[in-house]
Structure formats: C-alpha cells, structure tokens
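User: I'm new to this one and would like a walk through it. Can you show me the structure and then take my questions?

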Protein chains: 2
Amino acid sequence: MSQPLFNTICLVGIGLINSSIARAVRKHGLAARIVTLDSSDQACQTALELGIVDAASTDPAQMIPGADLVMIGTPVGAVEKVAQAIGPHLAAGTIVSDVGSVKIAVIRDLTPSLPEGVHFVPGHPIAGTEHSGPAAGFAELFEGRWCILTPLPGTDDKAIAKVSDLWSAMGSMIETMDPSHHDQVLAVTSHLPHLIAYTIVGTANDLEGHLQQEVIKFSASGFRDFTRIAASDPIMWRDIFLSNKEAVLEMIQRFTEDLTALQRAIRWGEGEVLEKRFTETRAIRRAIVDAKQA
Amino acid sequence: MSQPLFNTICLVGIGLINSSIARAVRKHGLAARIVTLDSSDQACQTALELGIVDAASTDPAQMIPGADLVMIGTPVGAVEKVAQAIGPHLAAGTIVSDVGSVKIAVIRDLTPSLPEGVHFVPGHPIAGTEHSGPAAGFAELFEGRWCILTPLPGTDDKAIAKVSDLWSAMGSMIETMDPSHHDQVLAVTSHLPHLIAYTIVGTANDLEGHLQQEVIKFSASGFRDFTRIAASDPIMWRDIFLSNKEAVLEMIQRFTEDLTALQRAIRWGEGEVLEKRFTETRAIRRAIVDAKQA
C-alpha cells in the first residue's frame with residue numbers, strides 16, 4: 001500500500017465540513033490517523049460514536065502535537081481564540097489550513113498565533129448543506145465542487161501542493177485566488193443570498209398569526225427554497241456577515257437599488273422593465289447549468 | 001368502465017401547468033377527450049406531437065364548443081383577451097376554471113365575458129417548476145401539493161365539486177379560500193421570493209466582467225437556488241407582479257425594512273441581533289418540513 005498523504009490530520013471543530021472531511025479522508029485513505037479537537041464534549045463524543053475519528057478531545061495539548069495537518073473548521077468568529085489555544089502546541093513543519101467562508105478575517109485572526117516554521121494555507125470548499133453538526137457530514141460532499149485556496153505570498157509550495165492534493169483526492173477542483181477577491185466573489189454568490197433568505201423567512205415569521213400558518217401550509221417553490229437556506233447554522237452565518245462586512249454591505253447596497261427599481265416598475269405598471277430584467281436572469285442560469293454547478 | 005369525470009376538457013394555453021394537467025387527466029382517465037386552444041401554432045403542433053391532446057387549434061370556434069370544462073392556463077395578463085375570445089363560444093352549463101397565481105385580477109378580467117349559465121370556479125395549484133412550455137409538463141406535478149379554489153358566493157356547488165374532484169384525482173389536496181386572502185398569502189410564499197430571486201441574479205448579472213464570470217463558476221448553494229427560481233417564465237411573472245400589485249408592494253416594503261435592520265446590525269457589529277434573527281427562521285423551516293411541503 002502506498003503512503004497516505006498525511007500521517008495525522010487534526011480536525012479542529014467537528015461540524016458539517018470537518019466531519020465530511022473525516023469521512024472522505026477515511027474513504028480515500030488520505031491519512032493514517034484522524035483526530036478532532038472540539039470545544040464541546042458532546043461533539044467529541046458524537047464523533048467517536050460515529051466512528052469518523054480515531055481520537056477526540058477538548059484539550060489542544062492532547063490533539064495538536066503529532067498532527068502534520070491541522071484543519072480549522074470552526075465558525076470564523078472563533079478562529080482567533082482557536083489560534084491562541086493551538087498555537088503553543090504547533091511544531092515547525094506542521095501545515096495549518098481552514099475551511100472558512102471568509103478569508104481576509106481568518107488570515108488576520110490566525111496568523112499572529114502561528115509559530116515560526118508552520119505553513120498556513122487558507123482554503124474554502126464551495127460546498128455545504130443547511131444541516132450542521134458531526135452527524136450531518138458525508139464523504140461525497142466535495143465531489144465535483146470547487147475548493148478555493150488563498151495562500152499568502154511566500155508560502156511553502158510543498159505545503160500548498162499537499163493541501164491541494166488533499167482536496168483533489170476528495171473529489172474537488174482547485175482554484176487559487178487572492179483572499180480579498182475571494183471575499184468579494186463569495187459576498188455575491190453565498191453571503192448575500194443567505195442574508196436575503198434569512199430576511200424573507202423572517203418577514204414571513206413576523207406576519208399576523210393566521211397568515212403565518214398559511215404561509216407554512218402553502219409554502220410554494222420559491223419560499224420553500226429560501227427556508228432551506230435560512231435553516232443554516234446561525235452562529236456560522238452571524239460570524240460570516242460580521243467578518244466580511246465591507247463586501248457584504250456593498251452587495252446589499254447594490255441589491256437594494258435593484259430591488260427598488262423593480263418595486264418602482266411594479267408600482268407604475270412598467271411591464272417592459274420587468275420583462276427585460278426577468279429575461280436577462282435566465283442567461284445566468286443557463287451559464288451555471290453549462291458550468292455543471294447547477 | 002365508469003364514466004370519466006368530464007367528457008371534453010379544453011385546455012386554454014398549453015404551457016407547463018396545462019400540459020401537466022393533460023398528462024394527469026389522461027393517466028387517471030378523467031376525461032374522454034382533451035383538446036387545447038393556444039395562440040401559438042408552434043405550441044399546438046408540439047402538443048399534438050407529444051400526444052398529450054386529441055386536438056389543438058388557435059381558433060376558439062373549433063376548440064371551445066363541446067367542452068364541458070375549459071381550463072385557462074395562460075399568463076394572467078392575457079386572461080382578459082382570452083375571455084373575450086372564448087366567451088361567445090361558451091354554452092350554458094360549461095364549467096370554466098383557471099390555474100392563475102393571482103385570483104382577484106383573474107376574476108375581474110374573466111367574469112365580464114362569461115355568458116349567463118356558465119360556472120366559473122377560480123383555482124390555483126401550488127405547484128410548478130422553473131421550466132416552461134408544453135414539453136416541460138409531467139403527470140405527477142400536482143401529487144401531494146395543494147390546490148386552492150376561490151369560488152365566488154353563489155357559484156353552483158356541483159361545479160365546484162367537479163373541479164375539486166378533478167384536482168383530487170390528480171393527487172392534490174384542496175383548500176377553499178377568499179380570493180383576496182389567496183393573493184395575500186401567495187404574495188409572501190411565492191411572488192416576493194420570485195421577485196427577490198430575479199433581483200439578486202440581476203445584481204450579479206450587472207457585476208464587472210471578471211467578477212461575473214467567477215460568480216457563475218463558484219455559484220454556491222444559495223445563489224444557485226436563486227438562479228433556478230430566476231429562470232422562471234418572464235411573461236408569466238411580469239403579469240403576476242402587475243396583477244397582484246398591492247399585496248406585492250406591501251410585502252416588498254416589509255422585506256426592505258427587515259433587510260435594512262439586518263444591514264444596520266452588520267454595519268455596527270451587532271452579532272446578537274443577527275444570531276437571534278437567524279435562529280427564529282429555523283423554526284419556520286421545521287414547520288414546513290413537518291407539514292410535508294419541503
């Protein structure tokens with residue numbers, strides 16, 4: 001048997017993404033040993049019961065030493081504290097990576113606590129579901145999906161290659177880009193849509209009692225999809241919006257202008273404005289279907 | 001063999017919904033004969049080629065006489081003209097129904113052209129896909145979904161019962177409500193979500209070139225779902241927004257207030273506001289899953 005890519009992978013925070021990594025790493029034989037560090041005793045126990053890790057603990061001193069890859073999968077707002085907790089236990093040569101949906105803030109919060117000689121390769125798999133927790137993961141989550149890496153200038157090429165190989169082996173396609181560019185792209189494709197979904201489901205939730213009951217009963221295509229998105233993990237998303245504030249606020253502003261223009265067209269009965277806009281959006285859908293990301 | 005529910009059903013406008021009705025009616029043996037009246041020669045020909053109707057024509061004089069059920073499935077903005085075209089050919093005793101997503105405007109536009117003795121039973125199946133046209137339909141579209149009927153006071157009970165029986169036989173659950181109440185409920189569950197999806201995909205479409213390409217490439221969960229909704233038929237949706245103006249404008253207003261509140265919370269770093277809101281929305285999703293409409 002060939003040598004696995006890593007000796008020991010330590011997954012920090014065993015939620016949807018890291019528990020999917022655990023399953024995919026095991027499925028494809030990418031590490032000799034998989035351990036997890038999680039602040040919740042309950043999550044550690046669940047991960048052990050699911051049999052997706054070889055060891056689990058809330059104590060960094062037990063889990064971090066000996067890991068040649070440390071993958072951080074906590075909500076991005078927790079990264080600074082996590083970095084301070086694991087930093088003293090990281091040996092030179094260890095690769096640290098992450099799966100956070102925001103890259104500038106994660107780099108800012110993580111870098112100061114990393115000892116000399118530790119290789120940091122920030123990453124973000126464009127994959128997920130509305131479910132959370134260690135039981136929600138599955139080995140196929142990353143197959144056919146993009147993983148974006150945003151390494152800083154001067155990072156060891158071998159470390160980047162090993163993280164890239166890990167994602168390829170789990171079925172992902174790899175793209176490398178600048179962290180701030182990543183945060184702009186994701187503000188449009190993921191952060192704004194989630195905020196909008198949370199908003200509209202909240203608007204429905206505030207309706208007068210009898211109307212609210214019927215909204216649930218007659219939840220049509222459209223609203224139903226929004227409720228699925230708006231069922232995503234509240235802490236994770238709170239942190240994303242606060243960590244990618246500038247790009248998200250910019251996109252909300254553009255969105256609000258566009259919505260106001262359509263609102264005005266509806267009020268004044270300008271059918272041709274609506275029809276033109278609704279026809280343009282079909283082209284984007286076709287492009288996404290063609291790109292096999294639908 | 002028992003008598004089918006109807007002798008001849010005439011489907012006016014052979015798009016996604018009416019072509020699905022054609023298939024379901026045939027599958028369950030609910031009419032002896034199915035014909036279609038459509039303003040497009042092409043659509044008539046496609047319907048005949050698909051074998052989902054027994055006859056098709058653009059001429060009301062050929063298709064309407066002899067039908068004991070006329071089901072109108074055109075965009076709601078076309079209903080007034082359709083009613084004027086078919087009115088002279090409707091015999092007393094004929095049942096007229098429709099599948100429009102807006103009920104007040106359809107009733108307003110249709111009623112004046114109906115001769116004495118014709119029974120009008122407005123309806124709306126809460127079912128659909130983002131695809132349109134006669135080839136997009138399928139017999140199972142209505143199974144397990146609600147169909148809302150909004151009959152006017154004084155309508156013949158037997159006519160209401162026959163339309164209700166048709167939907168039940170195609171697998172739907174039936175609810176009866178007031179037309180204006182219908183329009184309010186649908187403004188939240190369907191019309192506003194579609195407008196929001198069209199808006200956000202339009203916002204992305206307007207981005208600077210390189211960013212737009214990456215939005216397509218890295219279309220994540222969230223945006224991807226919105227593009228599917230925003231691929232819905234432009235004419236149909238233009239008409240819905242213009243026909244349900246008051247309720248839609250009221251819901252846009254509430255939505256905008258709620259979005260502005262979240263925008264402010266992001267700007268000022270008020271994490272607890274975001275977390276509270278995002279937690280509340282999970283409950284609505286659970287209720288929809290429990291109601292088996294997910």
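Analyst: Sure, terms to begin with: two strands pair if DSSP finds at least two bridges between them. Helices (H or I, at least four residues) and strands (E, at least two) are DSSP runs, numbered from the N terminus. This is a predicted model, where local features need pLDDT of at least 70, side-chain atom pairs count only at pLDDT 80 or more, and totals for chains, interfaces and linings use all residues. Residues are numbered from 1 along each chain as its sequence is written, chains are lettered from A and ligands numbered from 1 in the order in which they are written, and side-chain values use heavy atoms, with hydrogens and water left out.

User: What is the strand order in the open sheet of chain A?

Analyst: Six strands make up this open sheet, and their pairing is parallel. Its edges are strand 3 (55–57) and strand 6 (119–121) of chain A, as each pairs on one side only. Reading across, the order is 3-2-1-4-5-6.

User: Which residue stands opposite T8(A) in strand 2 of chain A?

Analyst: Strand 1 (residues 6–12) and strand 2 (residues 31–37) of chain A run parallel and share six bridges. Across from T8(A) in strand 2 of chain A you'll find R33(A).

User: In strand 8 of chain B, which residues point the other way from W146(B) and I148(B)?

Analyst: In a regular strand the side chains alternate between the two faces of the sheet. Strand 8 (residues 146–149) of chain B has W146(B) and I148(B) pointing one way, and all four are buried (under 20% relative accessible area with a 1.4 Å probe, protein chains only; exposed is over 50%, partly exposed in between). Pointing the other way are C147(B) and L149(B).

User: How many bridges join strand 8 of chain B to strand 9 of chain B?

Analyst: These two strands run parallel, with strand 9 covering residues 173–176 of chain B. One facing pair is I148(B) and E175(B). The number of bridges joining them is four.

User: Why are the two copies described as related by a two-fold axis?

Analyst: Superposing by least squares on the C-alpha atoms of residues with pLDDT of at least 70 in both, chain B lies on chain A with an RMSD of 0.0 Å, after a turn of 180° and a shift of 0.0 Å along the axis. The copies are therefore related as by a two-fold rotation axis.

User: How many residues of chain B are in contact with chain A?

Analyst: Contact means heavy atoms within 4.5 Å. Both copies use the same surface, as 100% of the contact residues of chain B recur in chain A. On chain A the count is 93 residues, and on chain B it is 93.
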